[in-house]
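Me: I'm new to this structure and would love a close look at one part of it. Could you walk me through a single loop and then show me what surrounds it?

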Amino acid sequence: MRLHWYQDLYLGRTYQGQKRRIIRMVEKSRAVPGLRLLLVRMDHRRNQLEIVPQKLLNENQYDLKEVLIIGAAFGEQEARELLVQIADQVFRDTGSAELKEYILEKG
């Protein structure tokens, strides 16, 4: 699986200021309990964003070939809150809900 990182990685409140640490841990496949990754599947046209537990990503339990990781949060609730923040920003900037398109154009 090929991992790409969004330049302006979104971080939930638990991981504020820890961008480098999160990237390092994920790339080395080191488990971070509770870590949820917000990602875009580069090989799927219809999908928008997905919330994936890092543990499952490391175990290759998802059929992922190439992904763009756009955010990291602690737990499902924080990940959903972060997703809402991203969606709000996209809507304010574009007037649409095309999150994946916005991320790929900006990124």
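Reply: Let's start at Ser29, which sits in the loop linking H1 to S2. Keep in mind that this is a predicted model. The phi angle of Ser29 is near 60°, a positive value in a residue that is not glycine. For comparison, most residues other than glycine have a negative phi. Is Ser29 buried, exposed or partly exposed? Its relative accessibility is 47%, so Ser29 counts as partly exposed; the partly exposed class runs between 20% and 50%.

Now look at the two elements that this loop connects. On one side is helix H1, residues 19–27, which packs on the sheet and touches S1, S2 and strand S4 (66–74). The direction of H1 makes about 160° with that of S1. On the other side is strand S2, residues 35–41, which is joined to S3 by four bridges, with the two strands running antiparallel. Within this pair, Leu38 of S2 stands opposite Ile51 in S3.

Stepping back, the sheet is open and has four strands in the order S1-S4-S2-S3, with mixed pairing. Its edge strands are S1 (2–11) and S3 (50–53), each pairing on one side only. From one strand to the next, the twist averages 35°.

H1 and S2 also meet in the largest nonpolar core, so let's look inside. This core has 18 residues, and those touching the most other members are Val26, Leu35, Leu37, Leu39, Leu57 and Ile69. S1, H1, S2 and S4 each supply at least two of its residues, and H1 gives the most, with four. Leu37 is a good residue to click on: leaving aside residues up to four places away in sequence, it touches Val26, Glu50, Ile51, Val52, Gln54, Leu57, Ile69, Gly71 and Ala72. A second, separate core has 15 residues, including Leu49, Leu68, Leu99 and Tyr102.

Two of the residues just named bring us to another helix. Leu99 and Tyr102 belong to H4, where, together with Lys106, they contact H3. Helix H3 (residues 75–94) lies across S1, S2, S3 and S4, running at about 115° to S4. H3 and H4 (residues 99–106) pack with their axes 10 Å apart, at an angle of about 75°, and are therefore roughly perpendicular to each other. From H3, the contact residues are Leu83, Ile86, Ala87, Gln89, Val90, Asp93 and Thr94. By class, this contact has six nonpolar, two polar and two charged residues.

Key: Residues are numbered from 1 along each chain as its sequence is written. This is a predicted model: local features need pLDDT of at least 70, side-chain atom pairs count only at pLDDT 80 or more; totals for chains, interfaces and linings use all residues. Side-chain values use heavy atoms; hydrogens and water are left out. Two strands pair if DSSP finds at least two bridges between them. Axes are lines fitted to C-alpha atoms, for helices over the stretch in contact, and angles run from 0 to 180 degrees between N-to-C directions. Contact means heavy atoms within 4.5 Å. Angles under 35 degrees count as roughly parallel, over 145 as roughly antiparallel, 65 to 115 as roughly perpendicular and the rest as oblique. Ala, Val, Leu, Ile, Met, Phe, Trp, Tyr, Cys and Pro count as nonpolar, Asp, Glu, Lys and Arg as charged, and the others, Gly among them, as polar. Buried means under 20% relative accessible area, exposed over 50%, partly exposed in between (1.4 Å probe, protein chains only). A nonpolar core is a set of buried Ala, Val, Leu, Ile, Met, Phe, Trp, Tyr and Cys residues joined through side-chain atoms within 4.5 Å.
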